[in-house]
Every structure is written in structure tokens, then in C-alpha cells.
Amino acid sequence: MSDGKLEIDKEREAEILKAEAELYPPSPETLEAARIKDVEAFYRRSLDDLAGFWEEQAGTLEWRRRWDKVLDESQAPFYKWYVGAKTNIVDNALDRHLKTFRRNKLALIWEGEPGDTRTFSYQSLHREVCRFAGVLRSMGVKRGDRVTIYMGRIPELVIAMLATAKLGAVHSVVYGGFSTEALADRIEDAQSRVLVTADGGWLRGKTVNLKQIADEAVQRSGYVEHVIVVRRTGQEVAMEAGRDYWYHELMSLPIALPRCETEEMDAEDPLFILYTSGTTGRPKGVLHTHGGYQVFTSSTLRWVFDLKDEDRYWCAADPGWITGHSYIVYGPLILGATSFMYEGAPNHPYPNRWWQLIEKYGLNILYTAPTAIRGLMRFAESWPRRYDLSSLRLLGTVGEPINPEAWRWYRNVIGGGRTQIMDTWWQTETGGFMISPMPAVPLKPGSATRPLPGIVADVVTEEGKSCGPNEDGLLVIKRPWPGMLRTVYGDPERYVSQYFSTFKKQGWYLTGDSARKDADGYIWIIGRIDDVIKVAGYRLGTAEVESALVSHGAVAEAAVIGVPDEIKGQAIHAFVILRQGVPVPLEEDLKAHVRKEMGPIAVPAHVSIVPVLPKTRSGKIMRRVLKARALGLPEGDISTLEG
Ligand code: PRX
């Protein structure tokens with residue numbers, strides 16, 4: 001890579017080389033239980049006839065009208081899947097289960113941070129979704145409208161997403177940990193007339209003022225006409241007459257009927273927008289559609305976590321991120337699974353919370369992020385050892401590279417040495433798992449192993465040549481897949497320039513990650529090659545955090561970088577130049593300002609006040625130099641440094 005290698009990259013390299021030699025084959029029991037035993041043959045068959053393969057996968061779902069063509073590449077890179085088909089993802093996620101034994105099966109088991117619990121069968125979830133769809137419709141929400149949803153991990157979040165989709169409207173969920181500016185930007189970009197939120201959310205024994213943040217964001221963005229407020233914490237909130245309504249009051253009106261027709265959509269009609277950070281500027285609205293996304297999320301979930309009807313599955317992510325969209329909401333519901341969802345943090349009030357939940361509900365699959373694993377690993381093993389975790393059959397991880405040490409701990413201490421770990425590599429843009437093992441695949445700790453069936457991934461040089469074994473390169477996807485994003489909402493040019501301009505001639509999708517392939521073809525993700533920082537697995541753009549800093553009256557210019565952090569993977573280090581003639585702010589003030597504008601996840605761990613920032617002659621900030629400075633390492637070649 002052109003950026004040069006720092007000591008820290010070399011550490012990861014040494015780790016990879018060591019872990020490459022370790023191999024964890026599935027146990028005979030795992031192999032016996034695995035739905036797909038001959039992974040090699042399955043993969044080969046998918047590539048022999050890609051369109052035929054994805055057609056077969058789509059055949060497992062219900063469609064109102066079948067497609068005329070599986071894949072239309074005539075407008076590439078604006079690919080179309082299942083052209084001409086009619087469907088609605090809610091037909092498959094809810095409606096069709098009511099005709100089977102799953103009607104009375106649990107769809108969702110939920111526990112709140114204070115310990116309150118709620119359960120929904122497929123029938124009762126369907127009823128709540130219909131009722132809320134009736135409410136949204138009465139507010140004028142119709143096909144194609146955007147509804148913004150901003151709340152904590154509570155069932156109403158899932159209900160609001162599904163109700164929006166049922167009406168053919170488009171949801172834009174904003175993670176409940178984001179704050180005013182982040183929410184306002186996203187409402188504005190989507191031009192949502194309706195916002196669904198909550199009075200507050202529970203977090204580590206305290207409540208977060210969601211409604212107050214929502215009020216400020218609504219004021220700044222100026223599109224929202226109606227705000228629907230779920231009562232979760234019962235805290236005092238201001239309600240604006242004629243604009244704000246309580247969810248429970250609306251749900252008791254005759255508009256909230258237990259039945260509501262599901263809108264018939266084209267396979268390529270938009271289902272949701274989810275904002276994510278890219279190289280420059282504002283977050284991009286990644287757009288996914290009804291048809292391809294339902295096929296991709298359900299197929300990949302079936303292959304990787306091998307869900308069985310009797311399983312209880314826990315994806316501990318937040319529905320506000322893609323992991324939650326695909327693998328808490330849509331994927332599991334389409335497969336008719338029983339999911340568990342927990343509102344709070346893993347270590348509150350004690351670091352036994354998760355283990356207690358696994359034992360209490362007999363959960364079979366746990367899917368989480370390396371940062372949570374590392375966070376829990378800090379505490380004595382006696383915390384998990386006190387619980388019966390023998391129900392666990394498979395474990396999963398996502399969001400950032402997992403260090404082999406955390407991987408081994410996860411498998412041995414939590415999985416009792418018997419569970420395989422599904423290290424799933426994917427992105428908001430990909431809609432679902434791309435590179436991941438399946439239960440029958442032998443594992444190497446820290447590698448996401450190989451591409452899934454139907455996915456053609458490779459590691460290439462900047463010139464587009466396949467890299468040799470253990471050579472670092474760019475991770476690309478060479479063929480389209482049904483779950484891929486269709487565009488950047490309102491900005492198709494950005495879709496093309498961001499993902500399809502580097503390898504324009506070849507038509508490859510650029511992931512933005514660097515990686516290497518070992519001699520066995522196993523892929524090892526190294527990290528982002530752009531200005532994306534992964535803090536505790538959350539994806540943040542340097543530009544967003546910098547703009548929050550610059551909106552503080554004392555800051556003239558800001559540059560942020562990611563530095564290694566033992567628990568969070570990366571932490572933010574900010575460098576700021578202050579304005580002349582203003583009082584020098586405290587570091588704490590700057591951090592508090594970022595917290596207020598962007599949310600707690602974007603708060604820099606360190607802020608350095610500096611007189612100048614290192615820039616190239618063309619004015620680009622040299623983040624590599626800043627990174628070396630922050631880590632006290634040699635700055636390397638700085639010959640292009642300005643002045
Ligand atoms: O850098 C990769 C990292 O997360 C990025 C995508 O972030 P986001 O869109 O927020 O989606 C995260 C959840 C799907 C990727 O470009 N990443 C994701 N999964 C892994 C990973 N890095 C290493 N190993 C993974 N399993």
C-alpha cells in the first residue's frame with residue numbers, strides 16, 4: 001500500500017503469520033449437524049451458473065409474480081435483480097408464516113435492561129406491525145415516502161421498520177447512540193416527514209434523552225411534520241401539540257387495525273436507506289431493495305448460522321446498524337427463526353449479564369463484535385464459568401478484524417472449546433455476509449476464511465492483478481450479488497465514483513478494505529484504506545467527526561485519525577488548530593461538544609492542540625504522519641509535506 005507500513009501494521013502481520021498455521025476443523029458433531037457438508041462443491045456449483053444459482057435461492061421464498069430475468073447487467077454498475085418480480089419483504093418475513101405452524105412460534109424474545117421482558121409470536125408481531133402500519137397510513141405515509149426511526153433496542157424499533165416496509169415506504173433507521181447533528185443530517189438527506197422515536201432509552205442504569213435530541217434535530221432539519229413517541233423510560237418529555245403523538249395512544253385508536261394489506265412492490269423498489277460513512281463529506285445513504293435483499297439475507301443466514309427451527313438465535317448488534325437490519329430483523333424473520341434481543345450493555349450492572357441471558361433463555365447462537373468479546377475478556381473467567389453455556393452451538397463475530405487471542409478465548413471459554421466461530425466479513429453496502437465460514441469449514445483464528453457461494457472476491461494490486469499468497473492488496477468483488485446496494489440515495493454519481501471507478505474497466509466493486517490471501521486461499525482482512533475509522537466496530541468517517549469539532553466556536557481546523565485501542569480496536573485521536581483571539585477551550589469542552597453533536601461513539605479519546613497540520617502540497621492532510629506522531633513512531637517519508 002502506498003501509505004507505508006507502521007510498527008502497528010507489522011504487529012498484525014506477525015499475528016496473521018502465526019495464526020495461519022493453526023487449523024480448527026469442525027468436530028464430528030458439528031459436521032454431522034451441518035446442512036451443507038461439501039462446501040467446496042457447493043461453491044463451485046454456484047460459480048458454474050451464477051444466475052441459475054441465485055434463481056434457485058430465490059425459489060425458497062414466496063413471490064407474487066416471478067421474475068422475467070434474474071440479473072440485468074445492461075446498465076452496469078446499476079444492476080437489477082429479479083427483474084419484473086412482484087413481492088414485499090414483509091410477505092416473507094411475516095405474512096407467509098401465519099399460514100404455517102410458525103404462527104404460534106416465538107419470533108422475538110426481548111429483555112430490557114431493567115429486566116422487564118416481552119415476547120412476540122409471529123402472529124402477535126404481525127398484529128402489532130399491522131396496527132402500526134395503520135397509524136403510519138393515517139399520517140399520510142405511503143409508498144416511496146421516507147420514515148426516520150430513532151430509538152434504542154426495543155421491540156417497537158422492529159415493529160416500526162416492518163410497518164414502514166409493509167406500506168411500501170422506505171425506512172431510515174438512525175442508531176440511537178447518535179446525537180443531534182447526525183440525526184438532523186440524516187432526516188434532511190432523506191426528507192422524512194415522519195419521525196418515530198422514544199422518550200428515552202436505558203443505558204447502564206441511566207436514561208438517554210432521545211426525545212430532546214430528536215426535538216433539536218427536527219428543528220434543525222425542518223422536514224418533519226409528525227413525531228411518534230414510544231414511552232419507554234417514562235421520563236418527563238416535552239410534547240408539541242399537533243406535531244407529537246404518543247405511540248400507545250395512537251395504537252389504541254380505531255386506525256390501528258389488526259389487519260393491514262401489504263403493498264405489492266417491484267423487486268427493485270427501495271426498502272430502506274441506511275447512512276454510513278465513506279471517504280469524504282457527509283454520510284452516504286446506502287439504498288437496499290425488496291427483492292434481492294430478501295434472497296441474500298435469508299440465504300446467507302441459513303448457510304452461515306445454519307438456523308434450525310428449534311434454535312434460539314441472538315444477534316447482539318443494534319437494529320440501527322446493518323447487522324441488525326439484516327440479521328436481527330429481516331434474515332431471521334424470513335427464515336421463521338426465534339430471535340432474542342437485549343436492550344442493555346454486556347457488562348451492566350455486572351459482567352455476567354450476557355452469560356446470565358444465555359443460560360436463562362437457552363440461547364444456541366451468539367453473534368457479536370470483537371470489541372464486545374475483548375471487553376468481556378478483561379474480566380475473570382469465573383464470570384462466564386458460573387453459567388451453563390452448553391446450549392451454545394455456534395458463535396459469530398463481525399465488524400472488524402478479530403485478534404487471534406480474543407478468538408481463542410471466545411471459542412474456548414464461551415464456546416467450551418466445541419463451537420466453531422463464524423467470522424463474517426461484510427459491509428452496509430453488501431447487505432449481507434460475503435466472506436465467511438460455514439459450520440463445516442476448518443477455521444484459522446482471525447481469518448474470515450473464504451467467499452460464500454455466489455460471491456467472487458479477490459485481493460488485487462492497484463493495477464488489478466491478483467496478488468500472490470500473503471501479498472497485501474485491495475479487496476474487490478468481481479461479480480454483482482443480489483444483496484448489493486443499488487445506489488447512494490439521491491447521489492448516483494457518488495455510487496459510481498466511490499465503488500466502481502477504481503476498477504472501471506473490469507467493473508469490480510471496491511470494498512475499501514485491504515487484505516491478503518494465504519496459500520490456502522483464506523482471506524485475512526487488514527483494515528480500511530480510506531478515512532473510515534472503526535471505533536468499537538462502529539463505522540465513523542473522519543470528515544463527520546472533524547465537522548463536529550469545527551462547529552465548536554474555538555476550532556479553526558481539525559483532523560482526526562484512528563489509533564489502536566486494546567478494547568475498541570481503534571480510538572479517535574483529534575488534532576485541532578484553534579481560532580485566534582478566542583479563549584482556549586478545555587479538552588473536555590471539545591469532547592463534550594462532539595458528544596452533543598455526533599454522539600458518544602464519536603468522542604475523541606485524545607485531543608492535541610497544534611499550530612499547524614501536516615499537509616501535502618495539494619492541501620491533503622497527511623494522516624499517516626499524524627498517526628506516527630500520535631504513536632510516537634518515526635514519521636517516514638515526508639518529502640511531499642507542504643512548505
Ligand atoms: O473494514 C471492514 C469491517 O467493517 C467494514 C464495514 O463496516 P460497516 O459497513 O459498518 O458494516 C459492519 C457490519 C457488517 C468493512 O469494510 N469489517 C466488517 N466485518 C469484518 C470487518 N473487518 C474484519 N473482519 C470482519 N469480519
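1. A pocket, as the word is used in this note, is an open set of grid points with protein on both sides within 12 Å along at least five of seven lines, and its lining residues have an atom within 4 Å of a point. With that in hand, here are some remarks on this predicted model. Take the second largest pocket: 19 residues line it, and Glu40, Tyr43, Arg450, Pro451 and Gly521 are the ones that lie nearest its centre. The space in this pocket comes to about 360 Å³.

2. Which element gives the most to the lining of the second largest pocket? That is helix H3, residues 39–48, with 3 residues. As for the chemistry of this lining, 13 residues are nonpolar, 3 are polar and 3 are charged.

3. The ligand site deserves a careful look. There are 17 residues around the ligand, and the closest are Asp423, Thr424, Thr428, Arg528 and Arg539. Sorted by class, this shell holds 6 nonpolar, 5 polar and 6 charged residues.

4. Some polar contacts of the ligand are worth displaying. Asp423 places a polar side-chain atom 2.7 Å from a nitrogen atom of the ligand. From Asp513, an N or O atom of the side chain lies 2.9 Å from an oxygen atom of the ligand. Glu400 takes part through its backbone, where a polar atom is 3.4 Å from a ligand nitrogen. On its own the ligand has 540 Å² of accessible area, and the protein covers 96% of that. Two or more residues of the shell come from each of helix H12 (322–334), strand E20 (420–424) and strand E25 (523–528).

5. Staying with Glu400 for a moment, you may like to look across to Lys568. The two residues are 168 apart in sequence, yet their C-alpha atoms are 9.7 Å apart in space. Lys568 sits in the loop that joins strand E28 (555–565) to strand E29 (569–578). Is Lys568 buried, partly exposed or exposed? With a relative accessible area of 40%, Lys568 is partly exposed, because that class runs between the 20% limit for buried and the 50% limit for exposed.

6. Now to the enclosed spaces. The count is 4 cavities of 30 Å³ or more. The largest cavity holds about 90 Å³. Its lining is made by Val173, Val174, Tyr175, Phe178, Arg186, Leu274, Tyr275, Thr276, Gly320, Trp321, Ile322 and Thr428. Thr428 is also one of the closest residues to the ligand. Strand E14 (residues 270–276) gives the most to this lining, with 3 residues. By class, the lining has 8 nonpolar residues, 3 polar and 1 charged.

7. The second largest cavity has about 70 Å³ of space. Around it are Ala107, Leu108, Leu125, Val158, Ile328, Val329, Leu333 and Ser339. Strand E4 (106–111) and H12 each give two or more residues to this lining, and H12 gives the most, with 3. H12 also gives two or more residues to the shell around the ligand. The cavity lining has 7 nonpolar residues, 1 polar residue and no charged ones.

8. Where is Glu343 found? This residue is in the loop between strand E17 (338–342) and helix H13 (353–361). Glu343 has 5% relative accessibility and therefore counts as buried, the limit for that class being under 20%. A polar atom of the Glu343 side chain lies 2.7 Å from the backbone nitrogen of Glu113.

9. The helix that follows this loop, H13, has several buried residues: Arg353, Trp354, Trp355, Leu357, Ile358 and Tyr361. An α-helix has 3.6 residues a turn, so residues three or four places apart point the same way. That pattern is handy to keep in mind when you turn the helix on screen. Just after H13 comes Gly362, which takes a positive phi of about 60°.

10. A last stop is Arg386, in the loop between helix H15 (382–385) and strand E19 (394–398). Its relative accessible area is 52%, so Arg386 counts as exposed, the class that starts over 50%. From Arg386 to Thr164 the separation is 222 residues in sequence and 43 Å in space, C-alpha to C-alpha.

Note on methods
Residues are numbered from 1 along each chain as its sequence is written. This is a predicted model: local features need pLDDT of at least 70, side-chain atom pairs count only at pLDDT 80 or more; totals for chains, interfaces and linings use all residues. Side-chain values use heavy atoms; hydrogens and water are left out. A residue is near a molecule or strand if one of its heavy atoms lies within 4 Å of it. A polar contact is a pair of N or O atoms within 3.5 Å; within protein, one must be able to donate a hydrogen and the other to accept it, and residues adjacent in sequence count only if both atoms are side-chain atoms. Accessible areas come from the Shrake-Rupley method with a 1.4 Å probe; for residues, only the protein chains shown count as cover. Helices (H or I, at least four residues) and strands (E, at least two) are DSSP runs, numbered from the N terminus. Ala, Val, Leu, Ile, Met, Phe, Trp, Tyr, Cys and Pro count as nonpolar, Asp, Glu, Lys and Arg as charged, and the others, Gly among them, as polar. On a 1 Å grid over the protein atoms alone, a cavity is a set of points where a 1.4 Å probe fits but cannot get out, and a pocket is an open set with protein on both sides within 12 Å along at least five of seven lines; lining residues have an atom within 4 Å of a point. Grid points are joined across faces, edges and corners, and a volume is the space filled by probe spheres set on the points. Buried means under 20% relative accessible area, exposed over 50%, partly exposed in between (1.4 Å probe, protein chains only).
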